[in-house]
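Colleague: Please take me for a close look at the end of one helix in this model, and then work outwards from there to the strands. I'd like to follow how each statement is reached.

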Amino acid sequence: IFCRASCPVERRFHCITWGSLGKDSGSFPTGILAGGMEGGYVTLWNPESILRSGGQDPGMVQNRQVHKGSVTALEFNPFRSNLLASCGADSQVHIINIENPANPEIYEPGSTQQSEHDGHGAGEVTCLEWNRKVQHILASASNTGVTTIWDLKMKKPAISFRDPANRQRCSSLAWNPEVATQILVAYDDDRNPSLQVWDLRNANYPFKETAGHSKGVLDVAWNLMDPNLMLSCGKDNRTVCWVFSSGQPEVFSETITQQWNFQVRWAPNIPAVFAGASHLDKVAIYSMQQSRNAGVRYAPRWFQRPAGVSFGFGGRLASFGRNESGQATAINMHIVPSEPEIVAEADMFEQLQSTGDYTGYCQKKIDTTQDEHEKLTWKLVQLLFQKGENRPQVVAHLGFDAQAILAKAEQFLGKKPGSILADDSDPTGGWAPS
């Protein structure tokens, strides 16, 4: 990894996120950066200006105090790139509309007066994340152990729950990319760390739970390419990739570091690659395939082929794929001719067998061929399929005169020959094709 450009900032970072606002319109070709700073400031930058100037242009678009304490988490809405969610040490959650980045508008997801049971009370909001399926649903959690699901349409909390074991500090959240009602909550509890998967349809108890680490869990990240894979990092210097395919979490791979990673993120476009940030002031890039657990039989989804073909004997082709609705289809068998030009002839011959018009088929061959010898051949075949008066024409088409043959035979024998040649009605001797 190399640095293309950098620029100084006035305040210390607490979090950073990169959004896609302006990429389609061209106003921000590489999107927009948002940083959560100490003092409650949220700062916006244009990364294109920083890159083009090599860091000479700071590219700052907006710098505004949103919280009374430090900003602890930021995230852009995956459906609406102009909406930025923020939370801070002042127990507040805000929605920032940056459709006009120079003059952003700030909203609250609920009423200003939230009780301890409805919101986060007086606790520090430590993390938040937008739902991956429903654009107006946002989750946030605090150091008091309360996780709140906000409904921005209703402008109030839809649900709140806490750990039954009364763990206090929620360190990270992650929504299931496929199931809109499932959310993963991590707890930074050194004595009793936990990873819990909750289903909001029954928010009394988590339906899956594992300790995962020997000390507090600091961050989690769900894989968007394969929802069966999830990352977690903790104070025990371990970064673990979990697989949920069997129903219970299993260790897919494990990475040991010198200093614990406090944040992990999957690469959005490269399978199996993730980044981890540690207190060594470094960001490291890892691959989950390098430290894979030998006992795990699960194959990630990106190894699955959406479609495939294979040739067999006799011009046969087997294929599989997905239909228009995206569902997997069965194996299809096809016959591919090695000589495409004979396909039309084969179709004509199949039609001939069904109708029995052999003389008509022979006539088509006579009309289409240019070779005189081939024409004679097809004419003879046509005569063999005919009955009645046309049969004596076989001898004439072979270039013989039946009467001359009889005269020569009579001259040689001294008498008229037998009935085989004398019977003009059947010069072929009674032979006919089967």
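Modeller: Happy to! Let's begin with a term: a polar contact is a pair of N or O atoms within 3.5 Å, and within protein one of them must be able to donate a hydrogen and the other to accept it. Please keep in mind that this is a predicted model.

With that cut-off in hand, look at the N-terminal end of helix α4, which is capped by aspartate 371. A side-chain oxygen of aspartate 371 lies 3.2 Å from the backbone nitrogen of histidine 373. The helix behind this cap covers residues 372-385, 14 residues in total. At 1.5 Å a residue it should span 20 Å, and its end C-alpha atoms are indeed 20 Å apart, so expectation and model agree.

Now turn α4 around its axis. Leu380, Gln382 and Leu383 are buried. These three cover an arc of only 160° around the axis, which means that they sit on the same side of α4. The general rule behind this kind of pattern is that an α-helix has 3.6 residues a turn, so residues three or four places apart point the same way. Among the elements that cover the buried residues of α4 are α3 (358-368) and α5 (393-397).

From the helix we can move to the strands. One open sheet has four of them, in the order β9-β10-β11-β12, with antiparallel pairing. The edges are held by β9 (125-130) and β12 (156-162); each has a single partner strand, so one side of each is left without a neighbour in the sheet. On average, neighbouring strands here are turned by 20° against each other, direction ignored.

An edge position in a sheet need not leave a strand uncovered, and β9 shows this: six of its six residues are buried. Its partner is β10, and the two pair in the antiparallel sense over five bridges. A hairpin of six residues joins β9 to β10, and valine 125 has serine 142 in β10 as its bridge partner.

The next pair inwards is β10 (residues 137-142) with β11 (residues 146-151), again antiparallel and over five bridges. Here alanine 141 is matched with threonine 147 in β11. Threonine 147 is worth a pause: its relative accessible area is 0%, so it counts as buried. Beyond its neighbours within four places in sequence, threonine 147 is in contact with Ser140, Ala141, Ile159, Ser160, Phe161, Cys170, Leu173 and Val185. Its bridge partner, alanine 141, is therefore also one of its contacts.

A second open sheet has three strands in the order β24-β25-β26, and its pairing is antiparallel too. β24 and β26 (332-335) are the edge strands, each pairing on one side only. Neighbouring strands in this sheet are turned by 25° against each other on average, direction ignored. β24 and β25 (residues 316-320) run antiparallel and are joined by four bridges, and glycine 308 stands opposite phenylalanine 320 in β25.

Just ahead of that, alanine 307 belongs to the loop between β23 (283-287) and β24 (308-311). With a relative accessibility of 46%, alanine 307 counts as partly exposed. Alanine 307 and phenylalanine 320 are 13 residues apart in sequence, yet their C-alpha atoms are 5.4 Å apart. Leaving aside neighbours within four places in sequence, alanine 307 is in contact with Phe320 and Gly321.

Towards the start of the chain, threonine 17 sits in strand β1 (residues 13-19). Threonine 17 is buried, at a relative accessible area of 14%. Its contacts outside four places in sequence include Ile32, Leu33, Leu74 and Phe76. Threonine 17 and alanine 73 are 56 residues apart in sequence, and 8.9 Å apart in space from C-alpha to C-alpha.

To finish, here are two loop residues with unusual backbone angles to look up on your screen. Serine 91 is not a glycine, yet has a positive phi of about 70°. Serine 91 lies in the loop between β6 (83-88) and β7 (93-97) and is buried, with a relative accessible area of 13%. Alanine 272 also has a positive phi, near 70°. Its loop runs between β21 (261-266) and β22 (273-278), and at 6% relative accessibility alanine 272 counts as buried.

Terms used. Residues are numbered from 1 along each chain as its sequence is written. This is a predicted model: local features need pLDDT of at least 70, side-chain atom pairs count only at pLDDT 80 or more; totals for chains, interfaces and linings use all residues. Side-chain values use heavy atoms; hydrogens and water are left out. Two strands pair if DSSP finds at least two bridges between them. Axes are lines fitted to C-alpha atoms, for helices over the stretch in contact, and angles run from 0 to 180 degrees between N-to-C directions. Buried means under 20% relative accessible area, exposed over 50%, partly exposed in between (1.4 Å probe, protein chains only). Contact means heavy atoms within 4.5 Å. The expected span of a helix is 1.5 Å times one less than its number of residues. The arc is that of the directions from the helix axis to the C-beta atoms.
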